[in-house]
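This report considers the interior of one protein chain, its empty spaces and a few individual residues. The structure is shown below.

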Amino acid sequence: SACLVGSEMCIRDRGWHVRPLRDSSGTIFAVAVFIDSMSPPPQAKEDIDRLNDRLRQVTSAMSVAIFEYEFKTGTSIISDEHLASLNLTRDNLPATPEDWFDLLRPLDPAAYWQHWKRAMSPEGEGRFSFEVRPLVNGQERQMELQAHVRFSGQGSVRQPERMFGMLVDH
């Protein structure tokens with residue numbers, strides 16, 4: 001379709017906006033072309049929402065709760081399933097790895113901390129897996145904690161940045 005911008009004609013067609021650029025004498029010396037987003041935000045949001053819903057369905061069906069922890073800020077991002085599986089709310093989350101240890105109650109505390117230290121070590125591969133027995137509503141539950149630590153830096157300055165993981169309810 002054609003449109004009028006000031007005294008200039010422009011063309012709009014399927015997200016393309018074409019407009020002539022003129023010099024002081026009125027001669028066209030260039031054409032400006034603007035293109036709208038190729039994937040409209042509403043469709044992208046719908047796609048993300050649909051994928052998030054599918055992830056929730058799969059993790060729920062498999063009794064898996066997912067989480068993310070940022071070491072620098074101490075920020076936790078925890079799925080609703082994770083909160084429910086441990087009878088937690090967003091207001092009473094454990095604040096430190098030691099608080100999580102107390103909540104999760106690993107079967108072998110010494111081995112748990114050895115695995116933890118190895119996963120957090122700059123030389124380590126950042127993988128962590130351990131059986132835990134948290135008390136949920138007074139009942140001991142058998143679960144497995146699996147996590148992967150992402151590091152920043154290289155060599156001796158390499159340090160844990162984020163941990164991504166899941167808690168599997170057996």
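## The largest cavity

In this predicted model, the largest cavity holds about 210 Å³ of space. Its lining comprises 15 residues, and those closest to the centre are Phe67, Trp100, Leu104, Trp116 and Met163. Two or more lining residues come from each of the elements S5, S6, H3 and H4.

By residue class, the lining of the largest cavity divides into 11 nonpolar, 3 polar and 1 charged. At a threshold of 30 Å³ or more, the structure holds 1 cavity.

## Overall architecture

The protein has 170 residues, of which 28% count as buried. Its secondary structure comes to 4 helices and 11 strands. Among contacts with a separation of 6 or more, 37% are accounted for by residues 24 or more positions apart.

## The largest nonpolar core

The largest nonpolar core contains 25 residues, and the members that touch the most others are Leu86, Leu104, Phe128, Leu145, Met163 and Leu167. The elements contributing two or more residues to this core are strand S5 (64-70), helix H3 (97-104), helix H4 (109-120), strand S7 (127-132), strand S10 (143-152) and strand S11 (159-169).

Leu104 and Met163 appear in both descriptions: they are among the core residues that touch the most other members, and they are also among the residues closest to the centre of the largest cavity. Likewise, S5, H3 and H4 each give two or more residues to the core and two or more to the lining of the largest cavity.

## The largest pocket

The largest pocket has a volume of about 280 Å³. It is lined by 16 residues, with Leu55, Ile66, Ile78, Ser79 and Asp80 lying nearest its centre. The elements that supply two or more residues to this lining are helix H1 (41-61), S5, strand S6 (75-78), helix H2 (80-85) and S11. Of these, H1 gives the most, with 4 residues.

The lining of the largest pocket divides into 6 nonpolar, 5 polar and 5 charged residues, whereas that of the largest cavity has 11 nonpolar, 3 polar and 1 charged. S5 and S6 give two or more residues to the lining of the pocket, and S5 and S6 also do so for the lining of the cavity.

## Glu68, a buried charged residue

Glu68 lies in strand S5. Its relative accessibility is 17%, so Glu68 counts as buried, the cut-off being under 20%. The side chain of Glu68 makes a polar contact with the side chain of Arg162 at 2.9 Å.

Beyond its neighbours within four places in sequence, Glu68 is in contact with Thr75, Ser76, Ile77, Arg162, Met163 and Phe164. One of these, Met163, is also among the core residues that touch the most other members. The C-alpha atoms of Glu68 and Val149 are separated by 9.7 Å, although the two residues are 81 residues apart along the chain.

## Residues in loops

Ser121 is located in the loop between H4 and S7. With a relative accessible area of 18%, Ser121 is buried. Its side chain makes a polar contact with the side chain of Glu123 at 2.8 Å. Not counting residues up to four places away in sequence, Ser121 touches Phe151 and Arg158.

Two residues other than glycine have a positive phi: Arg105, with a value near 50°, and Asn137, with a value of about 55°. Arg105 is in the loop between H3 and H4, and Asn137 is in the loop between strand S8 (135-136) and strand S9 (139-140). Arg105 is partly exposed, with a relative accessible area of 34%, whereas Asn137 is exposed, with 60%.

Terms used: Residues numbered from 1 in each chain as written. Predicted model: local features only at pLDDT ≥ 70, side-chain atom pairs only at ≥ 80, totals over all residues. Heavy atoms only, no water. Core = buried A, V, L, I, M, F, W, Y, C linked by side-chain atoms within 4.5 Å. Buried < 20%, exposed > 50% of the residue type's maximum accessible area, 1.4 Å probe, protein only. Polar contact = N/O pair within 3.5 Å; in protein donor to acceptor, adjacent residues only side chain to side chain. Contact = heavy atoms within 4.5 Å. 1 Å grid on protein atoms, 1.4 Å probe; cavity = no way out; pocket = protein on both sides within 12 Å on 5 of 7 lines; lining within 4 Å. Points joined across faces, edges and corners; volume = space filled by probe spheres on them. Nonpolar A, V, L, I, M, F, W, Y, C, P; charged D, E, K, R; others polar.
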